[in-house]
Amino acid sequence: MKREADADFDADLDAATVRRTSVLTIALLMGVYVIDYIDRVMIAVALPFLGADLDLDKTQQGLVVSAFAIAYMVFQVPGGLLADRFGARPLLVVSLVAWSVFTAATGLVGGLVALLAVRCLFGVAQALFPGASFKALAERTTPRTRNRSAGLMLASNFLGAGLAPLIVAPIIVAIGWRHSFWVVALGGVVLGLLMWRLLPRPLPREATELDAAADPAPAAQAGAARVLRSPLVWRYALLFACFNMLNYGMITWVPSYLLETRGLSLVAAGLSSAVPMLITAASAVVGGWLMSRWFDDRARLLVVPVLAVSAVLLVLMLQAETTLGFTVYQSLAMAFSGLASMGILGMPIRALPRELIGSGMGLVNTGGQMAGVLAPLVMGWLADRFDFAAAFGFLVATTVAAALIALVTSSRPADLQLGAPTAEVSR
């Protein structure tokens, strides 16, 4: 397979072409991430019906969500390596079409074992996408616009998570949970074809790198081994893991909580769980703008305070006596958390050279997806063993942990130390 190359573009590239390439790339990635999260989140909306149909308790339902997350986590780094090796376009398209096939297959399962197998394969297919998407971003945006662009891309995750209950809940009510997976899968196939047809070729290196005159060979020669040995990359991965517990926990268990504890209908529960995600999508965009405007090289000055406020709001959410109060505090907590999302991912996105962006962000995202493994399963166990209050209390603890890790984590790109193996990085 031919690898995408800078030579595909003329060196003399006008500003309008650069802008058009960036805008089209971000628009495509945002569209795919929306369908990505609709495909991923719809399992949570369907859990009460799927669990009743297949006779699964809450721990088993949590395991179904975690099965996807385990496969998704394990294949993050391989997916990033493949993106660095073959280019962004092939991985983006293959991933999107493959996960759409396994989304459709979810509607065909007849028991727990088959469901776990399908969700694992779904996770493998989706794991090819993040590293390729960050590589596409690095190759097709300028350093000045990258944080804002990444903020929009990340906001589309929350947008998809917010739209999923609004779209999926009425479909489940109308045609059943099995058929809903088939309907959504068709949208993924269509987007895959659009991605293949419309994704622009990479921009020249001089348009995408802060130091375009630097020789890219040392970073390329350093390879994935240097990424895997970087203590700061591992710190970013741990930070992302604790941060992402809130997102995965809310996505997985709020619909069931509102349905079973608060007595809402499925459509009403879908609406109530969608609102915080849509608000978070907006706050992620604002967070990307704040990073570009004031916090590009000092992210923890933004991340630590907003996560601390988020933790306080989660405590108030637990104490809310009404469904409205619960949703309001949940929305505010996730809005403040969303402000931190670009700060947490912005540093490695900005620091890693484009030759290693796939494998580097694959490792960081591996940490983030550990939350997808632990949060559904741990919270399901806590809800079974104690109650939903204990399950949501787990999210308070992990949000506080994320703030503390951010407090002691360097935001200097130079500390990544990903140069050639013999190079010394000054401190």
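**Bridges, rings and core**

Q: Where does R178 fall, buried or exposed?
A: R178 counts as partly exposed, at 24% relative accessibility. The cut-offs are under 20% relative accessible area for buried, over 50% for exposed, and partly exposed in between, with a 1.4 Å probe and protein chains only.

Q: What sort of model is this, and how are residues numbered?
A: This is a predicted model, where local features need pLDDT of at least 70, side-chain atom pairs count only at pLDDT 80 or more, and totals for chains, interfaces and linings use all residues. Residues are numbered from 1 along each chain as its sequence is written, and side-chain values use heavy atoms, with hydrogens and water left out.

Q: Back to R178. Which side chain does R178 meet in a salt bridge?
A: D53, at 3.5 Å from N to O. A salt bridge here is a side-chain nitrogen of Lys or Arg within 4 Å of a carboxyl oxygen of Asp or Glu.

Q: What does that pair tie together?
A: D53 is in helix α1 and R178 in helix α7 (residues 177-198), so the bridge links parts 125 residues apart in sequence. Helices are DSSP runs of H or I with at least four residues, strands are E runs of at least two, and both are numbered from the N terminus.

Q: And D53, buried or exposed?
A: Partly exposed, with a relative accessible area of 44%.

Q: How many salt bridges in total?
A: The count is 3. K135 and E139 form one of them, at 3.7 Å from N to O. E139 also bridges to R140, with the closest N and O atoms 3.2 Å apart.

Q: Which residues end up in one network?
A: K135, E139 and R140, joined by salt bridges that share partners. K135 and E139 sit 4 residues apart in helix α5 (residues 112-140), so about one helical turn separates them.

Q: Are those three charged residues buried or exposed?
A: K135 is buried at 3% relative accessible area. E139 is buried at 6%. R140 is buried at 0%.

Q: What does S22 touch?
A: R140, T141, T142 and L203, leaving out residues up to four places away in sequence. Contact means heavy atoms within 4.5 Å. S22 lies in helix α1 and counts as buried, at 10% relative accessibility.

Q: Switching to the core. How many residues in the largest nonpolar one?
A: It has 125 residues, and L92, M250 and F392 have the most contacts inside it. Helix α1 (residues 15-54) gives the most to this core, with 17 residues. A nonpolar core is a set of buried Ala, Val, Leu, Ile, Met, Phe, Trp, Tyr and Cys residues joined through side-chain atoms within 4.5 Å.

Q: What does M250 touch?
A: P255, M277, L314, M317, Q330, M334, F392 and L395, not counting residues up to four places away in sequence.

Q: Now rings. How many aromatic pairs?
A: 14. Rings of Phe, Tyr and Trp (its six-membered ring) pair if their centres lie within 6.5 Å; planes under 30 degrees apart are stacked, over 60 edge-to-face, and the rest tilted.

Q: How is the Y257 and F326 pair arranged?
A: Tilted, at 4.7 Å centre to centre with 35° between the planes. Y257 lies in helix α10 (residues 231-260) and F326 in helix α13 (residues 323-351), so the pair ties together parts 69 residues apart in sequence. Y257 is buried at 8% relative accessible area, and F326 is buried at 2%.

Q: What about W289 and W294?
A: Their ring centres are 5.3 Å apart and their planes at 85°, so the pair is edge-to-face. W289 is partly exposed at 41% relative accessible area. W294 is partly exposed, with 41% relative accessibility.

Q: Which residues form one aromatic cluster?
A: W253, Y257, F326, F388 and F392.

Q: Where do the charged ends of R85 and R119 sit?
A: R85 has its charged end over the ring of F86, 4.9 Å from its centre. For R119, the ring is that of F122, at 4.4 Å. The rule needs NZ of Lys or CZ of Arg within 6 Å of the ring centre and within 35 degrees of the ring normal.

Q: Last one. How many disulfides?
A: 0. A disulfide would be a pair of cysteine sulfur atoms within 2.5 Å. As for cysteines, C120 is partly exposed at 31% relative accessible area, while C242 counts as buried at 13%.
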